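Me: I would like to go through this model slowly, asking at each step what lies behind the words we use for it. Please set each value against its cut-off before you conclude.

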Amino acid sequence: MGVGFIVGVVGVLILSHAAYSTIQYRSLLKITGEEFSGPPINVLVELIAGLVLCLWAALTVPGKFLSILPHSDENRVVSLPANLDFMIFNHRGKAFPLELDLKVY
């Protein structure tokens, strides 16, 4: 577990606490008979902090991005799958005309 994963878990915990605080605040307002106009400012700060932590973790945990080389042989489809049972030819495409005057360059 890296630092990014731990930061993500902390962010999720902060978001969970903010949700619980909002539910508790609404139940307190029901008891006092007041109208709910929005969450308190400390819950909004928790939401923003949890969002920032979760976004940071989501961008750092997956790792380094690799470049896609356009002329690499690994990017080419060289053969059909061995199991052709899942290929379906009875679909809406048969409504199109069979001969199209398209030129592929």
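Me: How many helices and how many strands does the protein have?

Reply: This is a predicted model, and in it the protein has two helices and zero strands. Helix α1 covers residues 3-32, and helix α2 covers residues 41-60.

Me: What makes the reach of α1 close to the expected one?

Reply: The expected span is 1.5 Å times one less than the number of residues. Helix α1 has 30 residues, for which 44 Å is expected, and from its first C-alpha to its last it reaches 43 Å, which is close to that value. After α1 comes Gly 33, whose phi is positive, near 80°.

Me: And how does α2 stand against its expected span?

Reply: Helix α2 has 20 residues, for which 28 Å is expected, and its reach from first C-alpha to last is 29 Å, again close to the expectation.

Me: Why is Ser 21 called buried?

Reply: A residue counts as buried when its relative accessible area is under 20%. Ser 21, which lies in helix α1, has a relative accessible area of 14%, and therefore it is called buried. Leaving out residues up to four places away in sequence, Ser 21 touches Val 43 and Glu 46, and these two are among the buried residues of α2.

Me: Which other residues of α1 are buried, and what covers them?

Reply: Besides Ser 21, the buried residues of α1 include Gly 4, Val 7, Gly 8, Gly 11, Ala 18, Thr 22 and Leu 29. What covers the buried residues of α1 includes α2.

Me: How do you know that the buried residues of α2 line one face of the helix?

Reply: The buried residues in question are Val 43, Glu 46, Gly 50 and Ala 57. Seen down the axis of α2, they fall within an arc of 60°, so they line one face of the helix. An α-helix has 3.6 residues a turn, so residues three or four places apart point the same way. The buried residues of α2 pack against α1, while on the other side of α2 the residues Ile 41, Val 45, Ile 48, Val 52 and Leu 59 are exposed.

Me: Why is Leu 53 called partly exposed?

Reply: Partly exposed is the class between the cut-offs of 20% and 50%. Leu 53, whose place is in helix α2, has a relative accessible area of 26%, and therefore it is partly exposed. Leaving aside neighbours within four places in sequence, Leu 53 is in contact with Val 7, Val 10, Gly 11 and Ile 14. The C-alpha atoms of Leu 53 and Val 10 are separated by 7.5 Å, although the two residues are 43 residues apart along the chain.

Me: What makes Val 12 partly exposed?

Reply: Val 12, found in helix α1, has a relative accessible area of 47%, and because exposed would require over 50%, Val 12 is called partly exposed. Its C-alpha atom is separated by 9.9 Å from that of Leu 47, which is 35 residues apart from Val 12 along the chain.

Me: How do you know that Val 61 can belong to a surface patch?

Reply: Residues in a patch need over 30% relative accessible area. Val 61, in the segment after α2, is partly exposed at 45%, and therefore meets that cut-off. Val 61 forms a nonpolar patch on the surface with Met 1, Phe 5, Ile 6, Val 9, Val 10 and Leu 13, and together they have about 690 Å² of accessible area.

Me: What share of the whole protein counts as buried?

Reply: Of its 105 residues, 13% count as buried. The accessible surface of the protein comes to about 9,900 Å², of which 68% belongs to carbon and sulfur atoms.

Key
Residues numbered from 1 in each chain as written. Predicted model: local features only at pLDDT ≥ 70, side-chain atom pairs only at ≥ 80, totals over all residues. Heavy atoms only, no water. Helix = DSSP H or I, 4+ residues; strand = E, 2+ residues; numbered from the N terminus. Buried < 20%, exposed > 50% of the residue type's maximum accessible area, 1.4 Å probe, protein only. Contact = heavy atoms within 4.5 Å. Arc of directions from axis to C-beta. Patch = residues over 30% accessible without salt bridge, like charges linked within 9 Å, V, L, I, M, F, W, Y side chains within 5 Å. Areas by Shrake-Rupley, 256 points an atom, 1.4 Å probe, with all protein chains shown as cover. Salt bridge = Lys/Arg side-chain N within 4 Å of Asp/Glu carboxyl O.
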